[in-house]
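Biologist: Before we discuss the ligand and its surroundings, could you please put the structure on display?

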Amino acid sequence: MKPLGPIPAGYSALNGELAIGGRTASALAEEAGQTPLFVYSSAMIAQRIADLRSALPERLKINYAIKANSFAPVLDFISPLVDGLDIASGGELAMIQSAGIDTSRVSFAGPGKRDSELEAAIAAGVTLNLESANEARRALAIAERLGRTPALAIRVNPDFELKGSGMKMGGGAKPFGIDADQVPALAREIIAAGCNWRGMHIFTGSQALSAEAVIDMQGKVLALADRIAGEAGTVLPKLNMGGGFGIPYFPGDTPLDIGMVGKALEKRFADLPDTLAEAELFVELGRYLVGEAGVYLTRIVDRKVSHGETYLVTDGGLHHQLAASGNFGTVVRRNYPVAIASRFDAEPEEEANVVGCLCTPLDRLADKAHLPPAEVGDLVAVFCAGAYGASASPSAFLGQGPAVEVLV
Ligand SMILES: *Cc1c(COP(=O)(O)O)cnc(C)c1O
């Protein structure tokens, strides 16, 4: 037997089934007209953001990193609830524009921005988080040609990382951002060139569950921003402090203590250096806002026994849930929270492996899980599917195609 990850708070049974937004899993699957499907709960997203705002200092603004989940109805729903949105490609800019979101609230980070992407972003008034000196010069030249004043911030590659973070994005040699020691000179250069100076962006990692680690990182970010601004002889109109707030996915994971993070920030904000006194201060979050609000529902199409082990074969798999399969940045495969959605209040009685329908041994959704006995036709729920599920899985693999997505 291998343990399953913790089911996020807020899910309950209705008529014996998992319910999301007051509707049973089988009703949701029927309405969608097919399985697999992703179901996102608007109530849970709204609640998460409200709880976050009450824990964090009022001064701190919240950006949503749309790469976590860019489903159009989710963007429509979340946009008025957050202060800004972060994108990482021209494709995401197009999604923002077709959602009718005010592009002056948007910033664009990411290495390897093409000239066409820089041009579209500058024309739309999006803030560019510059990832290199070369990118800065290309942006200035494109803005000049367009007759626009570009909104420019510098993404800093800091000399430290977010401890215990799932994906490290700072510390040492990195393709992201500009090494801290080179930032003051570049800041002076782009300010002198007449840009709309938007300060700095310092992102150090993702998926931290330790409040101490987040608090430590935020202290270092504020100190580094102050030091760079001082060396550049400027004050910061804006500082994106990064994010990194994680959610529990695996057995033993416990939620980030956001109250502790808020209290520590409150103290620091009461005593900011002059370089940051007037700055708009942001965190940028993806999975923390939407991850636990999503469930992936897939139907069991076969049940078989091999060498004494039971396999529940579903119509879903890693092509929609790469992270749950263990193939998206994890070293050792561990089980996500998984349940038999159509028997949500039944007691676990057997050990079963839940697998997907792809012809690869990588396509696993739960190994040796303790589950209620399930039959062909039952629905399986994979939780924590609101972030990096549909947006980060190879849905074209084996000609499967994307899952249906619904916001309830
Ligand atoms: C991916 C990313 C995020 C969001 O990460 P989460 O772990 O989903 O919160 C935020 N900022 C940057 C720069 C990113 O690359």
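Biologist: How far does a polar side-chain atom of Y388 lie from an oxygen atom of the ligand?

Modeller: This is a predicted model, and a polar contact requires a pair of N or O atoms within 3.5 Å. The side chain of Y388 places a polar atom from an oxygen atom of the ligand at a distance of 2.6 Å.

Biologist: What share of the area exposed by the ligand alone does the protein bury?

Modeller: Taken alone, the ligand exposes 390 Å². Of that area, the protein buries 92%.

Biologist: Which residues come nearest to the ligand?

Modeller: There are 11 residues around the ligand, and this shell divides into 5 nonpolar, 3 polar and 3 charged. An N or O atom in the side chain of S206 is 2.7 Å from a ligand oxygen atom, while for the side chain of R287 the corresponding distance is 2.8 Å. The residues that come nearest are K67, S206, G286, R287 and Y388.

Biologist: Which helix gives the most residues to the largest nonpolar core?

Modeller: The largest nonpolar core has 129 residues, and L18, Y64 and I190 are among those with the most contacts inside it. Its greatest contribution, 12 residues, comes from residues 211–232, helix α8.

Biologist: Is S393 buried or exposed?

Modeller: S393 lies in the loop between β21 (379–382) and β22 (404–407). A polar atom of its side chain is 3.0 Å from the backbone oxygen of H320. Because its relative accessibility is 12%, and the limit is under 20%, S393 counts as buried.

How values were computed: Residues are numbered from 1 along each chain as its sequence is written. This is a predicted model: local features need pLDDT of at least 70, side-chain atom pairs count only at pLDDT 80 or more; totals for chains, interfaces and linings use all residues. Side-chain values use heavy atoms; hydrogens and water are left out. A residue is near a molecule or strand if one of its heavy atoms lies within 4 Å of it. A polar contact is a pair of N or O atoms within 3.5 Å; within protein, one must be able to donate a hydrogen and the other to accept it, and residues adjacent in sequence count only if both atoms are side-chain atoms. Accessible areas come from the Shrake-Rupley method with a 1.4 Å probe; for residues, only the protein chains shown count as cover. Ala, Val, Leu, Ile, Met, Phe, Trp, Tyr, Cys and Pro count as nonpolar, Asp, Glu, Lys and Arg as charged, and the others, Gly among them, as polar. A nonpolar core is a set of buried Ala, Val, Leu, Ile, Met, Phe, Trp, Tyr and Cys residues joined through side-chain atoms within 4.5 Å. Buried means under 20% relative accessible area, exposed over 50%, partly exposed in between (1.4 Å probe, protein chains only). Helices (H or I, at least four residues) and strands (E, at least two) are DSSP runs, numbered from the N terminus.
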